[in-house]
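Please look through the structure shown below, following chain B with particular care. The report after it takes up the strands and the elements around them.

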Amino acid sequence: MKHSVNRPPTPDAADDRGKEPTLQEIINIKLIESGEKERLMELLRERLMECGWKDEMKALCRAYIKKKGRNNVTVDDLVHLITPKGRASIPDSVKAELLQRIRSFLVSATL
Amino acid sequence: MSSKISGQVSPQPCPHILDFRSRNGSKPFRALQDCIRVKAPGGRAAIRREPSEVPRCGTCEESSRPRLYACVACAAVFCHAPPLHSHASSHALSIPGHEIAVDVDRAELFCCACRDQVYDRDFDAAVVLAQTITATATTSTSGSTGMQCNIAGSQPENLRKRRRVDYRPWAPDSREHAIIGNHSMPLNDTTNASSISSTELPWGLRGLNNLGNTCFMNSVLQALLHTPPLRNYFLSDRHNRYYCQQKNGALNGTKNSRLCLACDMDAMFSAVFSGDRTPYSPAKFLYSWWQHAANLASYEQQDAHEFFISMLDGIHEKVEKDKRKSQSPGSGDCCIAHRVFSGILRSDVMCMACGFTSTTYDPCVDISLDLEPNQGGSGKSSSTKSHNSCNVEADFVGSSQNCGISTLKGCLERFTRAEKLGSDQKFFCQKCQVRQESLKQMSIRKLPLVSCFHIKRFEHSSIRKMPRKVDRYLQFPFSLDMAPYLSSSILRSRFGNRIFPFDADEQDASNDLSSEFELFAVVTHSGRLDAGHYVTYLRLSNQWYKCDDAWITRVNENIVRAAQGYMMFYVQKMLYYKASEKQAASGYDVQR
């Protein structure tokens, strides 16, 4: 276990295979490396908590668990349950704000 | 299927993790410990071999998956994206012994074979430790503790000394029987035989006459008259008004006879529980209260909550002069009002720059809760940055936004939520020695015997001269478990889904069982701010009664559920005796 931990990180698979990284990949890596992704995640968490989205999802999960029984539910079940509803109920304002932030980041990153 | 570890229910481990633990010695997750990365103080924990590592699935090379798991056995990272595919599960199934993985972004263990989260105490302890270290917690002001794994040390005194005594049923022996018989009056009514037996109303239900816009007082009095510990206290003669007044020389008719709200309460209890059903006029009580709260003495409608606080204060004030004020605040040893209603709130303020946490404990006799302003907006009435931005955007929220009903539990969740004190509310950090943006979180350190929840329906705004009333409906449960709002639960949840290695003492074991409450009274308000009416609903033997000044009627529980709650009174389901040196631990003090 110790050895595998100290092993250098998996080499960039794209270089290895000679495959071109997708645009999404590039953006993602840039976001992570600059720390912007983390900031965006925190912002998203804050917004979703404020507008009660998190509470709604929590309530959905609780209701489901109550119905099925605590020992008959897995994390995957819950993720499967709330993903469609969760995605649909994100306020437009939150989407707009985050898209705006990402756009600004991209603009500043290419400069 | 689950076991209790120091009071907290923890899920039964799956066979794979048990197997993993047994095969990998005493510290199977030791190597992972070095990979725990916590960014901001008190922030989330992630697993990275190097701080700058970008985790990527070994099979599909995707790094933008929402769930990436690192196999604990071989450190290979895979994605888990059901129902499309799960490269993590494929890996687990292909190599035995590689079932356990860790979520790289959440530092939570996962069994890829069972496809469910699993827990390990040592691992969780290591994560919590890492998060706590970055928070650089140290002890802070006013005898309180910082955010630590093991929050022992300087707890409020009264809690450390408290021990719980198991319930032992008591029945009077022949001597005690005689004493009881000689010193009490049977409730079997002999005066108004006709009006009693015909009605089905239980004991102690008696209308209160409105003495001129006094429904604010009547409503609260009705609730207090049926607050079990308070009722028991007065009905078992723990405050004898004759003895008290004699002590104060009131019976001599001296002009400076000290007013005693407790005596007036005692008189009211006697009158209300006498069996007489004709409406009672609490004139003496009103007069005494006017003398105590001179600024509120008028024939105008007052606020019921304000009256409640003022009344408790009045009972406390009187007693304080008798005994020396040596008891710690929040212990409830000072007077019956505090014994029944006093709890302790804990407030944690964490500096977001350095992580230093300041913890304070404050006693409280009730909890005032904000209603959410409009659908889509939430938060406390204090003007936080986020509150403002959400309010504006509430107008733009699409129809997809679910406008749920406000619930009492929702209000409590918001009350105990971590709140960012933004740039306009910077808190002075002792460590940084400057004002910094901080994170504030409230929780309940000690529950009172009776919890009174006050809903802030009267908005005082600086813009308008007149406060506004919020009529928004609030759903409240008949049974309420306060466990999630206790400090122990709130602190635990700060670290995510962890088996928290709390000390059993810290847990304050009595909190486990006594966090369940039952609703017994609801004070409702209808109408406008300046022209409104208070009505109380009482629950006796699981029947609901509407107390509208002098009129008492039995009502269906659905009427109560639909009412506009302003103050809700919950009593602990199980009452415990506090260990005491006296022979008679709690009940009757037979000796006089």
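## An open sheet of six strands

In this predicted model, six strands of chain B form an open sheet in the order 7-6-5-8-9-10, with antiparallel pairing. Strand 7 (85–86) and strand 10 (116–117) of chain B stand at the edges and have a single partner strand each, so one side of each is left without a neighbour in the sheet.

At one of these edges, strand 7 of chain B pairs with strand 6 (residues 77–81) of chain B in the antiparallel sense over two bridges, and B:Ala81 has B:His85 in strand 7 as its bridge partner.

## The annotated span and its helix

Helix 3 (residues 87–94) of chain B lies across strand 5 (68–71), strand 6 and strand 7 of chain B, and runs at about 120° to strand 6. An unreviewed UniProt entry carries the annotation "domain: C2H2-type" for residues 69–96 of chain B. The end C-alpha atoms of residues 69–96 of chain B lie 17 Å apart, and the span is 29% helix and 36% strand.

## Two hairpins later in the chain

Strand 26 (residues 532–540) and strand 27 (residues 543–548) of chain B run antiparallel and are joined by five bridges, with B:Arg539 bridged to B:Trp544 in strand 27. These two strands form a hairpin with two residues between them, and B:Ser541 in the turn has a positive phi of about 50°.

Strand 27 of chain B also pairs with strand 28 (residues 551–555) of chain B, in the antiparallel sense and over five bridges, and here B:Tyr545 stands opposite B:Arg554 in strand 28. The hairpin of strands 27 and 28 of chain B has two residues between the strands, and B:Asp549 takes a positive phi near 50° in this hairpin.

Technical notes. Residues are numbered from 1 along each chain as its sequence is written. Chains are lettered from A and ligands numbered from 1 in the order in which they are written. This is a predicted model: local features need pLDDT of at least 70, side-chain atom pairs count only at pLDDT 80 or more; totals for chains, interfaces and linings use all residues. Side-chain values use heavy atoms; hydrogens and water are left out. UniProt positions are given in the numbering used here, feature names are shortened, and annotations may be inferred rather than shown by experiment. Helices (H or I, at least four residues) and strands (E, at least two) are DSSP runs, numbered from the N terminus. Two strands pair if DSSP finds at least two bridges between them. Contact means heavy atoms within 4.5 Å. Axes are lines fitted to C-alpha atoms, for helices over the stretch in contact, and angles run from 0 to 180 degrees between N-to-C directions.
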